[in-house]
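Morning, everyone. I've got one structure to walk through today, so let me put it up on the screen.

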Amino acid sequence: MDSFDVIICGSGPAGLSAGLAAASHGAAAVILDRDHMAGRKLCATGNGRCNFSNTVHPLKFMADFGRHGRFMIDALRAAPREFFLELLQQEGIRPTVENEQYYFPLNGRASDVRDAFLRAAKRAGAETRLSAPVVRILVENGFAAGVETESGTVIRAPHVILACGGTAAPALGGTASGLELAKALGHGVREPVAALAPVHVDDPWTAELAGLTVADAELGVTVGTRHVSMRGSLLFTHTGFSGPAALNLSGTVNRVISGGTPARVFLRVLPDKKEQDLYDYLVSERENVPDHLLKNSLARIMPRSLAALVCERLFGEDFHSKRLTNAGAHELAHLLDRIPFTVSKPASMDEAMAMDGGVLLKEVDPRTMESRLVKGVHFAGEILDLTGPTGGYNIQFALSSGRLAGLAAAGAL
Ligand SMILES: Cc1cc2nc3c(=O)[nH]c(=O)nc-3n(C[C@H](O)[C@H](O)[C@H](O)COP(=O)(O)OP(=O)(O)OC[C@H]3O[C@@H](n4cnc5c(N)ncnc54)[C@H](O)[C@@H]3O)c2cc1C
């Protein structure tokens, strides 16, 4: 029978980072993956280029994960981005920063990031076994005792790190398997919904605008009595929206729909302007350039194709500014301030880059990533109920939480 000090389930960024940390601190560690390829999803990230971190200040970094972002404070302290930048450089990967914020490997190869972690973990003494799906966590007297794989092999260890990721992108290995293992241990799981996915609207009257990008828009959704919104670049698609603002809002939208009601989504294409500003602008155009087409007036403050479509839908084609009544100006200003859409069909996990949901944070000790229910079981990465926006957040969290779990499991904290 095999035995180790630490078993890591999953060879994504969280598992590789955990395996490296544990082995570097003297633990006999084995990384198991159900796939026949290590870190398959990691190799596909950032369009194959791997946006593995960002330059965002740690306080904002945590806040951008939402209400529970501070859960990761110890992970970021134990394993800040600088640690991984240095590690990658030691492994011959030069990082580069794009748009002053996003870290990528300079050579643009995500697989090199995976290889760097695999190599470092192996050199530190960690073993990697592929095509080894873990089907059961062994627990004895409330303590982790090892795992059983699909082939019936039992591997014993007093520490088991669950770094199995989530259900997003099944074609890249996304699976509920880790969540099932956690549930079998008694852990609560917030049901997964697709996140970092496009938003499909019911009445895509905007389909004509497919391909249009608005550099700075705000997309929001009503959640009970609250409005949650995301700001950033937005892409119109044939079915609704994509681009960072939509991707980052999609988890919240899909969560609302999973509650059984359609989501009420609103779009602001001029997020710095208030409704009154828009009204004043329309009235001043009517007075100063009455013979201009209204759509041309609007096209000076927003994309021409969107201006034309909105004017046409409200007032018909070739409507001149001078014909705009005060009531019409109010109506148009109100619409532009919050263009409403309904979303009743959630995005699928096939379209998602992340899962919203996962193992309940309150059942995990953030200082060690250890389960509060079963001693010796740790969690790291996407399996946890913590999802960040696009832009290197999720891989950084996976790497940092993985390292903290690995250090804790090796007794190195
Ligand atoms: C297309 C795409 C692009 C993305 N781009 C970016 C990006 O540029 N930047 C960014 O920060 N994030 C990006 N993400 C998100 C990022 O990939 C994830 O946040 C990250 O991979 C999570 O790491 P993880 O180690 O927790 O899980 P994963 O990377 O999913 O790894 C989990 C591993 O566990 C294995 N496993 C599962 N169950 C078992 C089991 N029972 N037994 C054994 N092994 C098991 C799986 O096979 C898998 O290899 C992207 C995601 C997708 C889908």
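I'll go through the ligand site, then the sheets, then the salt bridges, and finish on one histidine. Keep in mind that this is a predicted model.

Okay, the ligand. Which residues come nearest to it? There are 31 residues around the ligand, and the nearest of them are Asp33, Asn51, Ser177, Glu382 and Ile395. Those numbers are spread along the sequence, so let's see which helices are involved. Four helices each put at least two residues into the shell: α1 (13-24), α2 (40-48), α7 (177-184) and α13 (393-409). The biggest giver is α13, with four residues. As for chemistry, the shell splits into 15 nonpolar residues, twelve polar ones and four charged ones.

Now the backbone around the ligand. Ala14 has a backbone N or O atom 2.9 Å from a ligand oxygen. Val134 also puts a backbone N or O atom 2.9 Å away, in its case from a ligand nitrogen. Then there's Arg34, where a backbone N or O atom sits 3.1 Å from a nitrogen of the ligand. And how much of the ligand does the protein bury? On its own the ligand would expose 1000 Å², and 93% of that is buried by the protein.

Let's move to the sheets. There's an open one with four strands in the order β1-β10-β9-β8, and the pairing is mixed. At its edges you find β1 (2-3) and β8 (134-140), each pairing on one side only. If you zoom in on β1, it runs parallel to β10 (residues 154-156), and two bridges join them. The partner of Asp2 in β10 is Ile155.

A second open sheet has three strands, β4-β6-β5 in that order, with antiparallel pairing. Its edge strands, β4 (53-54) and β5 (95-98), have a single partner strand each, so each is left with one side lacking a neighbour in the sheet. Between β5 and β6 (residues 102-105) the pairing is antiparallel, over four bridges. Look for Pro95 there: the residue opposite, in β6, is Pro105.

One more strand pair before we leave this topic. β17 (residues 263-268) and β18 are antiparallel, with five bridges between them. Arg264 has Thr342 as its bridge partner in β18. What I like about β18, which covers residues 339-343, is the alternation of its side chains. Ile339, Phe341 and Val343 point to one face and are buried, whereas Pro340 and Thr342 point to the other face and are not buried. So that Thr342 we just met as the partner of Arg264 belongs to the face that isn't buried.

Right, salt bridges. How many are there? The count comes to 26, and I'll pick out a few.

Start with Asp115 and Arg114, whose side chains meet at 2.7 Å, N to O. Are these two buried or exposed? Asp115 is partly exposed, at 27% relative accessibility, while Arg114 is buried, at 13%.

Next, Arg231 and Asp216, at 2.8 Å, N to O. This pair links distant parts of the chain: Arg231 is in β15 (residues 226-236) and Asp216 is in β14 (residues 213-223), 15 residues apart. Here Arg231 is partly exposed, with a relative accessible area of 41%, and Asp216 is partly exposed too, at 31%.

The third example is Asp365 with Arg367, 2.9 Å from N to O. Asp365 counts as buried because its relative accessibility is 12%, and Arg367 counts as exposed because its value is 55%. Elsewhere on the list, Arg190, Arg255, Asp356 and Asp385 are joined into one network by salt bridges that share partners.

Last stop, the histidine. His378 lies in strand β22 (residues 377-379). Is His378 buried or exposed? With 1% relative accessibility, His378 counts as buried. What does its side chain meet there? A polar atom of the His378 side chain lies 3.0 Å from the backbone oxygen of Thr368.

That's the tour. Happy to take questions.

Conventions:
Residues numbered from 1 in each chain as written. Predicted model: local features only at pLDDT ≥ 70, side-chain atom pairs only at ≥ 80, totals over all residues. Heavy atoms only, no water. Buried < 20%, exposed > 50% of the residue type's maximum accessible area, 1.4 Å probe, protein only. Pairing = 2+ DSSP bridges. Salt bridge = Lys/Arg side-chain N within 4 Å of Asp/Glu carboxyl O. Near = heavy atom within 4 Å. Polar contact = N/O pair within 3.5 Å; in protein donor to acceptor, adjacent residues only side chain to side chain. Areas by Shrake-Rupley, 256 points an atom, 1.4 Å probe, with all protein chains shown as cover. Nonpolar A, V, L, I, M, F, W, Y, C, P; charged D, E, K, R; others polar.
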